[in-house]
Amino acid sequence: MNRASADRSRTVAIGAAASRPCTLVVCRGCCCGDPRKYPDDDHAWQLERLRAGAEASGGRFVVRTVDCLGPCDQANVVVVQPSGDARRRGARAIWIGFAMGDDCTEELVSWASAGGPGIAEPPVALELQFVRPPREARARTRR
């Protein structure tokens, strides 16, 4: 690959990140979304509802699933990543622990539809579920 085409490919990647919408990263690994751990919660419904909300948002947010985000003692975990625009303005990802139940799910959909971190204020009840990312939690205990 010559230098000009390498530069163009980097520009495309940066451009794609710049227009990225708010993203809900939903843990569905060893503990999160596991009906054996939380049998009273409808984990499949939650994921369906989040995906339906993303579809109805007209592209304002998307949903991804991952195997494991790490803080299993705070399952279910959802990371709300800011849009590219919000990230350029300094917004950072917000980790939500114990993200279960109808109310929490609807608050996630509502916040992400409104733009998520750096664009819209989170619902107050959802703020009570903010948790430290695993890396920050480990660094804090080492001090």
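I would like to begin with R88, which is exposed, with a relative accessible area of 54%, in what I should say at once is a predicted model. The side chain of R88 meets that of D85 in a salt bridge, with N to O at 3.5 Å, and both of these residues lie in helix α3, 3 residues apart, which is about one turn of the helix. D85 counts as partly exposed, because its relative accessibility is 36%.

D85 also forms a salt bridge with R89, where the closest N and O atoms are 2.6 Å apart. R89 counts as exposed, at 56% relative accessibility. Through these salt bridges with shared partners, D85, R88 and R89 are joined into one network.

Let me turn now to the salt bridges elsewhere in the model. How many salt bridges does the count come to? The count comes to 4, and one of them is the pair of R49 and E106, whose side chains meet at 2.7 Å, N to O. Why does this pair tie together parts that are apart in sequence? R49 lies in helix α2 whereas E106 lies in helix α4, so the salt bridge ties together parts that are 57 residues apart in sequence. As for accessibility, R49 is partly exposed, with a relative accessible area of 24%, and E106 also counts as partly exposed, at 33%.

Staying with helix α2, which covers residues 43-56, I would point you to H43, which has its place in that helix. Is H43 buried or exposed? H43 is buried, because its relative accessible area is 6%, and buried here means under 20%. The side chain of H43 makes a polar contact with the side chain of N76, at 3.1 Å.

Finally, a few words on the charged surface. Which residues form the negative surface patch? That patch is made up of D42, E48, D102 and D103. Of these residues, D102 has its place in helix α4, residues 101-114, and D102 counts as exposed, at 51% relative accessibility, given that exposed means over 50%. I would note that helix α4 therefore holds both D102, from the negative patch, and E106, the partner of R49.

There is also a positive surface patch, and R20, R64, R87 and R92 form it. Among them, R92 lies in the loop between α3, residues 84-88, and β4, residues 94-96.

To close, I would ask you to keep two places in view as you look at the model: the network of D85, R88 and R89, and the salt bridge between R49 and E106.

Note on methods. Residues are numbered from 1 along each chain as its sequence is written. This is a predicted model: local features need pLDDT of at least 70, side-chain atom pairs count only at pLDDT 80 or more; totals for chains, interfaces and linings use all residues. Side-chain values use heavy atoms; hydrogens and water are left out. Patches are made of residues with over 30% relative accessible area and no salt bridge: like charges are joined within 9 Å, nonpolar side chains (Val, Leu, Ile, Met, Phe, Trp, Tyr) within 5 Å. Accessible areas come from the Shrake-Rupley method with a 1.4 Å probe; for residues, only the protein chains shown count as cover. Lys and Arg count as positive and Asp and Glu as negative; His and the chain ends are not counted. The place of a charge is taken as NZ of Lys, CZ of Arg, CG of Asp or CD of Glu. Helices (H or I, at least four residues) and strands (E, at least two) are DSSP runs, numbered from the N terminus. Buried means under 20% relative accessible area, exposed over 50%, partly exposed in between (1.4 Å probe, protein chains only). A polar contact is a pair of N or O atoms within 3.5 Å; within protein, one must be able to donate a hydrogen and the other to accept it, and residues adjacent in sequence count only if both atoms are side-chain atoms.
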